[in-house]
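Here are my notes on this model, set out as numbered points. Please read them with the structure open.

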Amino acid sequence: MILSPHRVLAILRKEFIQMRRDRITFAMMLGIPIIQLLLFGFAINNDPKLLPAALVGPADDRFARAMVTALENTGYYRFVAPGITAAEAERMLTNGSVSFVVTMAPDFGADLLRGDRAQVLVEADATDPAAASGAISTLDTVAAQALTRELGAALPAGGLEILIHRRYNPEGSIRLNIVPGLLGIILQMTMVMMTAMALTREIERGTMENLLAMPATPSEIMIGKITPFLAVGGVQVTVILTAARAIFAVPFEGAPGLLLAGVFLFVLALVLLGYLISTVSRTQMQAMQLSIFVFLPSILLSGFMFPFRGMPGWARMIGEVLPVTHFLRLVRAVMLKGAGLADVRAQFLTLGAMVVVLAVLALTRFRRTLD
């Protein structure tokens, strides 16, 4: 059969008309590249600054003040809790309120004046080694220079000893940061997409009419749709946690029940998000595209790949509304730090609120679909 330019042009015209009518696909074609440019160009930063720090020791001592000022002048440190107790500092380090704890003995200044060796202990939250490395590298030089200026004379050899403890990840292994985070990312990728395609599959196959003819409420339909995916999520969690422990030797310091409770809330939020996407989409392709559109900022702005505190304010605001951001904080705190419920209460409350909001939106949108 001879190739006909007229038939080719007719098919091309039809495809362009169909593309123009498929607004979601057209928006994805333009939106995803723009989002990638904005996120990689402005939001990603592997050298975070203004990391929150706490000071344990005599905050009113002039040498302590000189050292705190010098560290803040590097741009890496921001002392949000000066002069607190060791117990308070431990609690803040565990729940993630601070990234560093600087501890000075009560007689720190007196040791310097006598020419004795003065010690400073710096504890860093090394669950994300990349976030702490830049700040740690400036400690020795900056501290020595600040104390020399305050003394008015050079420090004697060995007069200052800075002890650095990389808490929760002494070897600075990226594996201990990435593998627990993969639990959230893998669940995000699979749960949202599979659930999003559940309702759109009914529309494409023409079985939606049968579903709507059933004497079932929107809530009952939603529960019936999402429950199997909760079971699938449970299987994935079991596989990932087993591999994390057996293959990658990731420590598990916290209570398993606490982690599983957080996982349940997170998976429930994900399947509800996927169900909400399915009420917006009309085809499985649209559901997949919207799932990818949600997944992209989730992997970049959640703190999984890049330090969360290194991102600008607008990017952190977007990250805070993503369920995976709060889940990553929860899973890393429980697995690596041995955090208790009091330490991760904020993450539980946030995930719980997200579950409620997503459920209300999904049901509201599904009622509109029924109309």
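**Notes on the predicted model**

1. Start with the largest pocket. Helix H14 gives the most to its lining, with six residues. H14 runs over residues 323-337. Bear in mind throughout that this is a predicted model.

2. Which other helices supply at least two residues each to that lining? They are H4 (86-95), H6 (129-137) and H13 (313-320). The lining comes to 27 residues. Gly-96, Asp-125, Phe-308, Arg-309 and Arg-329 are the ones nearest the pocket centre.

3. The space in the largest pocket is about 630 Å³. Its lining splits into nine nonpolar, nine polar and nine charged residues.

4. Now the chain as a whole. It holds 15 helices and five strands. Its radius of gyration is 26 Å, whereas the globule rule gives 21 Å for 371 residues, so the chain is more spread out than a compact globule. The C-alpha trace spans about 95 × 50 × 40 Å along its principal axes.

5. Burial and contacts come next. Of the 371 residues, 48% count as buried. Take the contacts with a separation of 6 or more: 79% of them join residues 24 or more positions apart. The accessible surface is about 18200 Å². Carbon and sulfur atoms account for 64% of that surface.

6. Asp-125 deserves a close look. It is among the residues nearest the centre of the largest pocket, and its place is in strand S4, residues 118-125. Is Asp-125 buried or exposed? Its relative accessibility is 12%, under the 20% cut-off, so Asp-125 counts as buried.

7. What does Asp-125 touch beyond its neighbours within four places in sequence? The partners are Leu-93, Ser-99, Ala-132, Arg-167, Tyr-168 and Lys-337. Set these against the helix ranges: Leu-93 falls within H4 (86-95), Ala-132 within H6 (129-137) and Lys-337 within H14 (323-337). For a longer span, take Asp-125 and Ala-346. They are 221 residues apart along the chain, and their C-alpha atoms are separated by 19 Å.

8. Tyr-168 is one of the contacts of Asp-125. Tyr-168 sits in the loop between strand S5 (160-167) and helix H8 (174-205). Its phi is near 70°, a positive value in a residue other than glycine. Tyr-168 is buried, with a relative accessible area of 13%.

9. Leu-50 also has a positive phi, near 55°, and it too is a residue other than glycine. Leu-50 lies in the loop between helix H2 (23-43) and strand S1 (51-56). At 48% relative accessibility, Leu-50 counts as partly exposed. I would look at the backbone of Leu-50 and Tyr-168 in turn.

10. The loop between H14 and H15 (345-370) holds Asp-343. Ala-342 is in the loop between H14 and H15 as well. How accessible is each? Asp-343 is buried, with a relative accessible area of 18%. Ala-342 counts as exposed, at 55%. The cut-offs are under 20% for buried and over 50% for exposed, so these sequence neighbours fall into opposite classes.

11. Asp-343 is in contact with Arg-91, Thr-94 and Asn-95, leaving aside its neighbours within four places in sequence. Those three partners fall within the range of H4 (86-95). Asp-343 and Val-102 are 241 residues apart in sequence and 21 Å apart in space, C-alpha to C-alpha. For Ala-342 and Asn-46 the corresponding values are 296 residues and 30 Å.

12. Last, Ala-249. Where does Ala-249 lie? It is in the loop between helix H10 (218-246) and helix H11 (256-280). With a relative accessible area of 47%, Ala-249 is partly exposed. Its contacts, leaving aside neighbours within four places in sequence, are Leu-176 and Ala-244. Ala-249 and Leu-93 are 156 residues apart in sequence and 23 Å apart in space, C-alpha to C-alpha. Leu-93 is also one of the contacts of Asp-125.

Conventions
Residues are numbered from 1 along each chain as its sequence is written. This is a predicted model: local features need pLDDT of at least 70, side-chain atom pairs count only at pLDDT 80 or more; totals for chains, interfaces and linings use all residues. Side-chain values use heavy atoms; hydrogens and water are left out. On a 1 Å grid over the protein atoms alone, a cavity is a set of points where a 1.4 Å probe fits but cannot get out, and a pocket is an open set with protein on both sides within 12 Å along at least five of seven lines; lining residues have an atom within 4 Å of a point. Grid points are joined across faces, edges and corners, and a volume is the space filled by probe spheres set on the points. Helices (H or I, at least four residues) and strands (E, at least two) are DSSP runs, numbered from the N terminus. Ala, Val, Leu, Ile, Met, Phe, Trp, Tyr, Cys and Pro count as nonpolar, Asp, Glu, Lys and Arg as charged, and the others, Gly among them, as polar. The radius of gyration is taken over C-alpha atoms; the globule rule is 2.2 Å times the number of residues to the power 0.38. Buried means under 20% relative accessible area, exposed over 50%, partly exposed in between (1.4 Å probe, protein chains only). Contact means heavy atoms within 4.5 Å. Accessible areas come from the Shrake-Rupley method with a 1.4 Å probe; for residues, only the protein chains shown count as cover.
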